[in-house]
Amino acid sequence: MQVTNVTGQNMHSSSMLNRAMERGRSIFNTLKSNPKIAVGIGILAFFVLVALAAPLLTPYDPDATIVVGSLPPSSAHILGTTGLGQDMFAQLVYGARVTLLIGFTAAIGSTLLQIFFGLTSGYFGGVIGDAFSLIINVFLVLPGLPLAIVLASLASANSAANKNEFVIALVLLFTSWSYGARVLRAQTLSLKEREFVTAARATGESTLRIIFFEILPNEFALVASTFVGTFVYVVGAEIALEFLGLGDTSKASWGEILYWAQNNAALIIGKWWQFVPAGLCVAVLCAGLTFVNFGIDELANPRLRVERPRRKRLLLSKKKGVAV
Amino acid sequence: MRHLLRRVGFYLAALWAAVTFNFIIPRLMPGDPAEAYIAKLQTQQVTREQINAIRELFGVNPSIPLWRQYLDYLNSLLHGNLGIATSQFPSPVIDILRQSLPWTIGLVGAAVILSFLIGTLVGMIIAWKRGSWYDTMVPPLLTFLSAVPYFWMALALVYIFGVGLNWFPTDSGYDVFSVTPGWSSDFILSVAQHAILPVITLVIGSLAGWVLTMRNTMITTLSEDYVLMAQAKGLSERRVMFNYAARNAILPSITSFSISLGLVVSGSLLTEIVFNYPGIGFALYKGVQADDYALVEGCFLVIALAVLIANFLSDLVYTFLDPRVRRGGS
């Protein structure tokens, strides 16, 4: 990333504007030079748009029984209907809302936990650091999905009203934070030895300020990458919990579609349209986000980039005016 | 040796955490899972003593202080008393787990070994041929396959190879109608046949992780001076690839074993459900479907225990492979 050279005489606002433009341009250049990130973000944006525009895309109510069940795809119902006679395409686009909402909620919450545990356990030595690090490692070694299943099935005990998106998001948040926390902890351990941290300490900044305002901004790329990784995991686990019937089975979501497909033995009788679309959506979304993560890895570790042919690279560097 | 002792201590702490979660979770939840469970038991023919024992296991009796409940709970666990499975009354949970565990261990074990071997080899080769067409094609393809949910992959395989082509059986762990369990060749053949599709599901789902870890560390290793030196000496390509580069690049793959194992176990739970495979995952599923919390909790404990033991084994392998750890360095 380039640093803008702004001379002292420049007005403050114009330097801000410059910097914002520079940043925008550098994000654009990053996307251009790293097709993996661009493709992944494009896929995510596509699904978000579909989820937002659901009422425009389909005239049907996803949860209403409109026709007789299990119709194959036709011009009126482009992906056919479910066993209960709901329109499959409507279920899919409205289901994207549930899946993305749970995914984002759980991933954001989980990332906050990761930042808290990762940075504090890395920054503090001694008993606090050891204790936090032990907690992280214990959560890391305990299998996450079985724990999530136990939590979700006990949470919905006695009342089916507890089977909702919020409970699923909470369960996933609680079982998905450990890996990211360990990654952030390792980075914090190395950052806290740097001069800028020593300097901040010498000027008397409070510990909390050092951790969250000095160290955290320097780990932004890593936080972004663990956020994306957590999101992928959470979406997969969410679909799995819903597939087991631990979600709200009366409301359209991708996992719920697969739950009913399995329960109605859609496969054995060859009703492929009841399970192929939802599975493909999950796979495309998760693969897209994984590409974003590979892209971030490549930005951080230049050795992983595939080398371009020499001549092209020279030309590129001349145009940009920077050495690659 | 000190390193290994520390690891044993850590795994004991993790096991304690798993047990304590099992103790705390039902007590924290809204509603009362234990009462629901007991209500279910009361429809069966259970004696008052059995109900009281279960009340204590779940800590429903509020007159007993919490620490006392906790000690009782630990004590009953040590005696293998995990309660009675309401969904398969009157089998004790421990018996169901004992029957299911070997199936899951066999499935996960075969899948992990196969996908480790194939994945590491593929990762090694595509790193060696970096920039070739298969280096650009294989990782995205595998990433896509690993993003497919395990159970969906299983469903697709059932549909194509089971229902469509009718090549492999897709139900249960062996042919329940024609063979009896035992050390007969018929039984072993039947088990192997029934395991093919589940194992393929798990291998496809977990392959990408091994390939990418190996590829990425191998690329880093390939730029080391000793690799250049080996090439300059005129050693054969295969020798440089296996004995110089791959040998040093494989350690991170073993470190990431614990994470990938957790994922494969989770995948196996879902795969078993699709194939009606008689392992822990299927038992867990039946427990969830029937609100049989004793069975659900028992399954979680056994899975956690198995994963911890497997992790310890991978620690042993790591200590054996990396002399720096043995000597007590970082």
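**Entry 1: where the chains meet.** I began with the contacts between the chains: 53 residues of chain B touch 43 residues of chain A, with contact meaning C-beta atoms, placed from the backbone, within 7 Å. On the chain B side, α14(B) gives the largest share, ten residues. I split that side by type and got 37 nonpolar, twelve polar and four charged residues; Ala, Val, Leu, Ile, Met, Phe, Trp, Tyr, Cys and Pro count as nonpolar, Asp, Glu, Lys and Arg as charged, and the others, Gly among them, as polar.

A note to self: this is a predicted model, in which local features need pLDDT of at least 70, side-chain atom pairs count only at pLDDT 80 or more, and totals for chains, interfaces and linings use all residues. Residues are numbered from 1 along each chain as its sequence is written, while chains are lettered from A and ligands numbered from 1 in the order in which they are written.

**Entry 2: one residue up close.** I looked up A:L258 and, leaving aside neighbours within four places in sequence, found it in contact with A:I239, A:F243, A:F275, A:A278, A:G279 and B:W152.

**Entry 3: a helix in the open.** Next came α9 of chain A, residues 195–202 (helices are DSSP runs of H or I, at least four residues, numbered from the N terminus). None of its eight residues is buried, so α9(A) lies largely in the open; buried means 20 or more other C-beta atoms, placed from the backbone, within 10 Å of a residue's own. After α9(A) comes A:G204, with a positive phi near 85 degrees.

**Entry 4: a helix pair.** Last, I checked the contact of α5(B) with α8(B), and its residues divide into 23 nonpolar, six polar and one charged.

How values were computed. Two residues are in contact if their C-beta atoms, placed from the backbone, lie within 7 Å. Helices (H or I, at least four residues) and strands (E, at least two) are DSSP runs, numbered from the N terminus. A residue is buried if 20 or more other C-beta atoms lie within 10 Å of its own, exposed if 12 or fewer, and partly exposed in between; C-beta atoms are placed from the backbone.
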